[in-house]
Amino acid sequence: MPSLSRLPWQRWTNEVIPSLITPYLAYLRKSTSLRDHIGPQPDEVAAFQCKSSCQQRALDITCILFNYIEILRIESCTCASAPLQLLARGYFACAPIAPSLAVDLQLLELVKTLFVHITPNTTAWCETLENFLAGCGYQLTTKDNLRRRFSNAYHWCSVLCMSAEDHLSNLIGTYRLLPLPSTEGLTSPSDYLKSRCPICFGLDDWRKGGTFNLRPDVHTCIDACFTQKCSLDKHSRGPDPPNPIRSVFLLNDEVALMDAHVRNSPAEEGDGYENGMRVPTSVLDGCGESFLAADEKCEKASMQFFADTGVMAMLCCHDCVLWLANMTSAGEKQHYALTLIKKLFDNLPPEMTIGLLYDIGYQLHRSCVKYRLLNDAVLRQLTFAISVFHAYGHQCACQIIYHPCKCEGFGLSDGEGCERLWSALKHLIAPLRVSGLHQRLFVLDTQVRHLDDKNLVLFGNWLSWRWNNCVKKKSIAMEALRELSVDETHVRQEWKSQCEHQTRPLPRRSKTSNDEEISKIPSLEKSLGELDGSLRHMKIQLCMGNVDNLVDYNLHLVQEHAHRSKLTDTLSRWKTQLGISQRTNLDQLRRNVYLQVHLDAEALKTRIHERLRQHKFEIEKLERSYRQAVNERKLYSHVDTAIQRRNPTIRKLVSSYNGLCADLSALIRQRRSPPNAIAPNPISPAGIFDLHIDADIWQDIRLDDDVLEPPDWLADEATRAAIKLVLEIDRCNEEESRVKVEHCALQEWAIVEWDALQRARAHASTFFRT
């Protein structure tokens with residue numbers, strides 16, 4: 001008999017599973033993919049007879065089926081192991097050497113399919129099965145014995161199924177007609193990427209997309225999820241054998257290497273335009289303050305209670321998982337995203353371009369350029385953008401450059417594939433909190449394989465839906481553009497002027513002057529007053545008992561106090577730095593009625609921005625908190641009530657802002673304003689909560705704008721509407737070209753796979769033909 005010193009998982013991984021792959025495939029063929037329950041044939045029974053005079057062991061094995069239990073007696077030895085003999089009879093063993101229980105393969109297949117659609121719970125399943133069998137008159141001898149042994153059989157049977165799938169895939173891959181190897185490296189995407197998404201990477205000649213001017217060639221998205229985490233409590237975990245199957249997770253060494261590279265990168269300071277960036281530094285800083293994801297020091301998961309704090313994913317635009325990274329830090333560190341990007345480009349030909357959508361894509365782009373976190377060759381092939389769902393959190397200038405609806409080459413891609421992935425994995429949150437590291441990765445890999453299988457059969461429908469949606473949107477936009485009767489050349493020129501105007505940095509000041517601080521002090525004072533009013537309102541709400549969630553309230557209160565402290569420190573520092581002449585200018589500024597109203601309007605609009613962003617996040621929290629607890633009607637009622645309770649404050653701010661806009665217009669008519677002053681546009685209350693990128697709320701006019709005549713992109717409604725329509729038509733044209741290329745890629749990949757499958761069948765061994 002083999003040595004007993006090795007651990008059971010080592011025997012399963014190194015000996016048993018590899019030896020069962022071929023018999024398992026043979027049994028699938030004989031049983032018509034487990035449709036029939038087939039016993040061993042006479043020649044197989046003869047093959048199980050020991051021919052080497054090994055030491056044999058007689059085993060009485062309890063076999064669990066759907067509706068009954070049977071006791072099977074076999075004699076096992078080194079020549080004919082118990083798992084092999086049981087597999088020939090349609091069972092899977094619970095142990096690698098001397099199993100006492102085996103489970104029917106049909107039953108295991110049902111459980112395996114069930115557990116990718118619901119929360120995997122072997123305890124509940126085994127209790128249900130045990131009670132059902134007891135009702136049928138079949139009783140197990142020991143308490144809680146079925147759960148442990150059934151879990152072992154289920155886990156290693158799942159490993160066998162995945163290993164068999166990989167074996168078949170590798171076997172078919174050996175019969176693919178591959179291009180001749182090149183000394184210059186990859187000439188097409190790697191086989192791994194082709195297996196992940198045949199539409200994105202299935203073309204042998206990926207340059208065919210160049211005939212349609214597709215740049216970037218492929219769209220991907222990145223996002224992190226901090227709900228998929230794992231507890232530090234080792235006492236709550238079961239067995240945790242290493243994951244032996246092919247995994248989509250990055251190796252820990254790859255992540256650690258990038259982490260060290262980022263830590264050793266030099267830091268710089270700058271203003272205006274940073275090298276390689278098209279958005280001013282002030283805008284990048286402002287957007288960074290709006291997102292917790294941009295703050296690496298923000299703890300989204302406690303390291304005190306969780307060993308693994310989350311998962312970061314990279315997906316293609318067809319929602320196919322390319323890679324996952326297991327996160328072990330409290331915040332959303334950039335080195336995880338950089339590791340995923342590097343891994344992607346290691347599997348691509350040198351000239352292939354990638355469009356990357358990330359909720360803080362601007363910040364990642366800034367870090368890569370500023371600190372040279374990626375080499376220049378990769379940056380030239382990489383186009384950054386922000387995902388549509390998070391666009392409302394960015395300033396207007398940032399959206400103009402990074403919003404996929406405004407950025408050339410992204411078509412109708414929204415960058416929200418990761419959000420759909422987190423939704424598909426949400427049923428795993430609870431059980432994976434108390435699982436071991438390897439078990440957690442194994443379950444996530446299993447779920448990803450299930451999603452891959454679903455995507456594969458829906459690719460054709462996806463392309464059809466994408467095409468029809470694109471044609472419909474383009475038709476509507478073109479009809480609306482014709483009704484406006486505008487010159488498209490003029491519209492495009494106005495869009496270019498708008499981009500240049502709204503992305504320009506603040507005017508440079510003399511290094512010895514504090515004029516900029518002077519102009520900012522009244523605005524800061526106004527913002528501080530608004531913040532104090534908000535804090536007083538929050539305390540009143542607490543006293544009146546109108547707080548729904550005390551934890552969220554306290555968290556929000558701490559954030560508001562931190563914001564106030566930061567504003568107070570900044571205001572105090574700027575006032576201290578002012579000289580005598582600057583204090584005089586500040587007093588004159590305070591006596592200027594027009595500038596005072598304008599500063600009030602600017603501060604109020606900033607407050608509206610913050611309230612709208614906060615409103616969006618609050619609605620997401622409400623939906624998450626009630627989603628699992630109440631039915632759809634109650635969910636709608638709770639959310640609608642909460643929205644209505646928060647709406648009046650924002651609407652009052654909008655009304656106050658529109659009043660200030662009217663006051664500014666009156667001062668301009670009375671010639672009590674600076675020369676060539678332009679009153680800001682009022683905000684329409686209709687659709688204020690939609691947070692659309694083209695809404696008036698995001699169109700900012702600065703105090704120092706010197707415009708002799710209002711441009712058409714600002715003052716002419718027809719031009720403003722035409723700009724939106726022209727951009728939408730451009731994105732639809734890009735989408736049409738991309739869908740055509742993807743249609744060809746899917747066809748070409750299917751033909752290659754079919755030919756390889758036929759060649760593999762032609763060369764299959766006679767063992768599988770019998």
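The following passage describes a sheet in a predicted model and the helices that pack on it. Local features in this predicted model need pLDDT of at least 70, side-chain atom pairs count only at pLDDT 80 or more, and totals for chains, interfaces and linings use all residues. Residues are numbered from 1 along each chain as its sequence is written, and side-chain values use heavy atoms, with hydrogens and water left out.

Five strands (DSSP runs of E, at least two residues, numbered from the N terminus) form an open sheet of 5 strands in the order β9-β8-β5-β10-β11, with mixed pairing; pairing requires at least two DSSP bridges between two strands. Because β9 (321-327) and β11 (382-385) each have a single partner strand, these edge strands are left without a neighbour on one side. On average, neighbouring strands are turned by 20° against each other, direction ignored. Strand β8 (residues 310-316) runs antiparallel to β9 and is joined to β9 by 6 bridges, and Gly310 lies opposite Met327 in β9.

Helix α11 (residues 334-346; helices are DSSP runs of H or I, at least four residues) packs on the sheet, touching β5 (218-225), β8, β9, β10 (354-358) and β11; contact denotes heavy atoms within 4.5 Å. The direction of α11 makes about 145° with that of β9. Angles run from 0 to 180 degrees between N-to-C directions, and axes are lines fitted to C-alpha atoms, for helices over the stretch in contact. Helix α17 (residues 437-484) also packs on the sheet, touching β8 and β9, and its direction makes about 160° with that of β9.
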